[in-house]
Amino acid sequence: MRSLQPLLAFAETAKRGNFAAASRDLGCTPSTLAKAVARLEKQLGVRLFHRTTRQVTLTDDGQRLFSRSQRVLAELEQLQEEASGARAEPAGTLRIDMPVNFGRSVMLPLLAQLVQRYPRLSIDARLSDVYVDLVKEGVDVAIRTGVLRDSTLVARPLGSQTLLLCAAPSYLAQAGTPATVGELMRHTAVLFRVPSTGRDRPWQFKVAGRNVTLLPPSRIRVDDGDAMVGAAVLGLGASQQPHYMVTAQLARGELVELLPETRPPPMPIAAVMPSARMVPSRVRALLELIDAARAGFPAPPPSASGKRAARKRRR
């Protein structure tokens with residue numbers, strides 16, 4: 001195991017981007033970690049990091065070693081868990097990356113259950129709407145919405161989200177209620193600025209079997225989902241957001257759904273992992289909790305077609 005210590009020091013430093021943060025995770029001093037990495041570089045005869053006073057970045061040789069080392073260290077961790085009997089009680093730090101609003105609304109309550117169930121487990125929860133490299137950032141599991149773009153990741157379906165177009169009664173009293181998607185161009189939008197691109201996210205609809213996108217005029221744009229909902233409640237314009245963000249506002253009458261018959265198709269939500277071969281017990285515990293809670297995930301209100309179908313069944 002001692003011969004693996006320099007490799008572990010290297011991998012943790014690569015994940016965290018500096019010796020100080022990596023040393024806190026490993027329970028040693030930054031100088032000890034730096035010396036271990038230097039020994040590994042000397043043994044291999046290559047430079048693994050570009051070093052500055054504040055951070056380190058991987059060289060090309062370091063990137064290749066890091067990719068290979070992740071598989072080795074994951075398998076070693078699994079073997080240690082099985083040998084020590086830790087499989088029955090997850091421990092250590094679970095690093096999870098989540099979209100901001102889904103993380104706040106849905107995942108944080110589940111994570112609270114997880115740490116209450118497993119006292120030896122701690123959580124490093126990262127809430128961001130920017131996709132990260134799971135391996136490079138040392139993330140155990142990430143929550144992703146939409147079609148999975150990285151084919152190398154392993155996905156576990158969680159559910160789906162439906163985008164709802166909503167506005168406050170005060171806004172509709174002033175601007176009128178749109179009857180068609182085309183009329184929305186005469187209305188004011190509260191738009192969401194996508195953090196990863198800096199661009200406004202177009203509204204999405206399904207009209208006569210076709211997917212339609214629209215970018216109405218706007219006087220306010222935000223990069224936070226809660227702020228977008230809040231602006232809509234204040235009557236600053238119509239907004240389109242995932243259903244779980246406006247469930248309470250719709251129930252209280254603070255918002256009204258517009259054109260429910262034109263909702264776009266639901267988008268899948270999944271937990272993704274770098275590999276399915278060696279899944280740490282802390283990740284398995286989260287996935288098992290998610291599977292048990294899936295039936296209780298917030299569901300969108302019935303669409304106009306769903307309401308008509310329900311009325312026909314009652315007859």
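Buried residues make up 41% of the 315 residues in the protein chain; buried means under 20% relative accessible area, exposed over 50%, and partly exposed in between, with a 1.4 Å probe and protein chains only. This is a predicted model, in which local features need pLDDT of at least 70 and side-chain atom pairs count only at pLDDT 80 or more, while totals for chains, interfaces and linings use all residues. Residues are numbered from 1 along each chain as its sequence is written, and side-chain values use heavy atoms, with hydrogens and water left out.

Start with the whole chain in cartoon view. It has eleven helices and 14 strands; these are DSSP runs numbered from the N terminus, with helices being H or I of at least four residues and strands E of at least two. Of the contacts between residues at least 6 apart in sequence, 73% join residues at least 24 apart, where contact means heavy atoms within 4.5 Å.

Next, select the strands of one sheet. Five strands form an open sheet in the order 4-3-5-14-6, and the pairing is mixed; two strands pair if DSSP finds at least two bridges between them. Strand 4 and strand 6 (154-161) stand at the edges with a single partner strand each, so one side of each is left without a neighbour in the sheet. At the strand 6 edge, seven bridges join strand 6 to strand 14 (residues 267-273), and the two run antiparallel. One pair to pick out is Gln 161 with its bridge partner in strand 14, Met 267.

Move to the other edge and select Arg 126, in strand 4 (residues 121-127). Is Arg 126 buried or exposed? Arg 126 counts as buried because its relative accessibility is 18%. Its side chain makes a polar contact of 3.2 Å with the side chain of Asp 124; a polar contact is a pair of N or O atoms within 3.5 Å, and within protein one must be able to donate a hydrogen and the other to accept it, with residues adjacent in sequence counting only if both atoms are side-chain atoms. Leaving aside neighbours within four places in sequence, the residues in contact with Arg 126 include Arg 16, Arg 95, Asp 97 and Glu 137.

Now show side chains in the largest nonpolar core, which has 35 residues. Such a core is a set of buried Ala, Val, Leu, Ile, Met, Phe, Trp, Tyr and Cys residues joined through side-chain atoms within 4.5 Å. Met 107, Leu 114, Ile 143 and Leu 286 have the most contacts inside this core. Among the elements that give two or more residues to it are helix 5 (100-117), strand 5 (141-145) and helix 10 (281-293). Helix 10 supplies the largest share, seven residues. Centre on Ile 143: not counting residues up to four places away in sequence, it touches Met 107, Leu 158 and Ile 269, among others.

A second, separate core of 17 residues includes Ala 14, Phe 19, Leu 40 and Phe 66. From Phe 19, go to Ser 31, twelve residues apart in sequence and 7.9 Å apart in space, C-alpha to C-alpha. Ser 31 is in helix 3 (residues 30-44) and counts as partly exposed, at 41% relative accessibility.

Finish at strand 8 (residues 189-192), which is covered on both faces: Ala 189 and Leu 191 on one side, and Val 190 and Phe 192 on the other, are all buried. Four bridges join strand 8 to strand 11 (residues 218-222), and these strands run parallel. In strand 11, Ile 220 stands opposite Val 190.
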